[in-house]
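Visitor: I would like to learn how to read the strands and helices of a model such as this one. Could you take me through it feature by feature?

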Amino acid sequence: MAITLVNPEGLPQVDVYRQVAVATGSRTVFVSGQVARGAEGGRVGEGDFAAQLEQCYLNVATALAAVGGTLDDLAKITVYVVDWTPDKMPLLVAGIERALAKLGRTPTPPAATLVGVAALAEPDLLVEVEAIAVLD
């Protein structure tokens, strides 16, 4: 495995991400911010935060598959959420879980950052996910 994901003692022990990602692989993959658009560019989950997040994760998985990777190769994700409030956390978790179920995956969550933003590139977008993966 090219990545070791750790929640070290002395830092909060969280379930939805890891505090540290140690990469030892030879190829670093940077995935541009993925939004709720299907392969043809059409909108997915208009007004539905969980559905949009699900599509973002599916798009990240598709991008990684194109270069021989999977979500297991993720070292770091950054999630940008329009008008973030803590009450959206269950929807965030639900969107990720739905994507993982569709992909038949249960990877260890990578290091992650969640950023609340005022807006994204298009007014109907509620969330965007960018990723860094490391492959052997």
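Visitor: Which strands does helix α1 lie across?

Guide: In this predicted model, helix α1, residues 49-65, lies across β3, β4 and β6, and the helix runs at about 30° to β6.

Visitor: In what order do the strands of the sheet come?

Guide: A sheet is read through its pairings, and here four strands form an open sheet in the order β3-β6-β4-β5, with mixed pairing. Strands β3 (27-34) and β5 are at the edges, and because each has a single partner strand, one side of each is left without a neighbour in the sheet. From one strand to the next, the twist averages 10°.

Visitor: How many bridges join β4 to β6, and in which sense do these strands run?

Guide: The sense of a pair is parallel or antiparallel, and β4 and β6 (residues 127-135) run antiparallel, joined by seven bridges; within this pair, L74 has A133 of β6 as its bridge partner. With β5 (residues 111-117), by contrast, β4 pairs in the parallel sense, over seven bridges, among them one that joins T78 to T113, while V82 stands opposite V117. Between these two parallel strands the chain passes from β4 through helix α2, residues 89-103, to β5, and this β-α-β crossover is right-handed.

Visitor: Is strand β4 mostly covered or mostly open?

Guide: Burial is judged residue by residue, with under 20% relative accessible area as the cut-off, and on that basis seven of the nine residues of β4 (residues 74-82) are buried, which leaves the strand mostly covered.

Terms used. Residues numbered from 1 in each chain as written. Predicted model: local features only at pLDDT ≥ 70, side-chain atom pairs only at ≥ 80, totals over all residues. Heavy atoms only, no water. Buried < 20%, exposed > 50% of the residue type's maximum accessible area, 1.4 Å probe, protein only. Pairing = 2+ DSSP bridges. Right-handed = clockwise from strand over helix to strand, strands pointing away. Axes fitted to C-alpha atoms, helices over the stretch in contact; angles between N-to-C directions. Contact = heavy atoms within 4.5 Å.
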